[in-house]
Amino acid sequence: MKVINHIKEIREARGIPQNTMAKAVGVSRQTMTAIEKGKYNPSLELSLKIAGYFELPFEEIFYLEGKET
């Protein structure tokens, strides 16, 4: 199963530049681009950092394909 995320939608809705978010969670802008496009699945640690950055539950950002809430 593929992991899907709503990072780009949440980030853009909040007006957060990609490079600002990448720096805040400790990755490069290129890594953030790959995560947003689904080409790279972040580690559990990074996923939790992203959830903490948005102050949202993990499940509102990440889900398995076909299991969207």
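This passage covers the salt bridges and aromatic pairs of a predicted model.

Salt bridges come first. The structure has two of them. One brings together the side chains of arginine 11 and glutamate 36, with 2.6 Å from N to O. Arginine 11 belongs to helix 1 (residues 7-13) and glutamate 36 to helix 3 (residues 29-36), so this contact ties together parts that sit 25 residues apart in sequence. Both partners, arginine 11 and glutamate 36, turn out to be buried.

The other bridge is a more local affair: glutamate 45 and lysine 49 both lie in helix 4 (residues 44-54), and being four residues apart they are separated by about one helical turn. Their side chains meet at 3.9 Å, again taken from N to O, which still makes the cut because the limit is 4 Å. As for solvent, glutamate 45 is exposed, at 56% relative accessible area, while lysine 49 comes out at 41% relative accessibility and so counts as partly exposed.

On the aromatic side, searching the whole structure turns up two pairs. One of these joins phenylalanine 58 and phenylalanine 62, whose ring centres are 5.0 Å apart and whose planes differ by 25°. That pair is classed as stacked, because planes under 30 degrees apart fall into that group. The two rings' residues fare differently with solvent: phenylalanine 62 is buried, at 6% relative accessibility, whereas phenylalanine 58, at 29%, counts as partly exposed.

Terms used. Residues are numbered from 1 along each chain as its sequence is written. This is a predicted model: local features need pLDDT of at least 70, side-chain atom pairs count only at pLDDT 80 or more; totals for chains, interfaces and linings use all residues. Side-chain values use heavy atoms; hydrogens and water are left out. Rings of Phe, Tyr and Trp (its six-membered ring) pair if their centres lie within 6.5 Å; planes under 30 degrees apart count as stacked, over 60 as edge-to-face and the rest as tilted. Buried means under 20% relative accessible area, exposed over 50%, partly exposed in between (1.4 Å probe, protein chains only). Helices (H or I, at least four residues) and strands (E, at least two) are DSSP runs, numbered from the N terminus.
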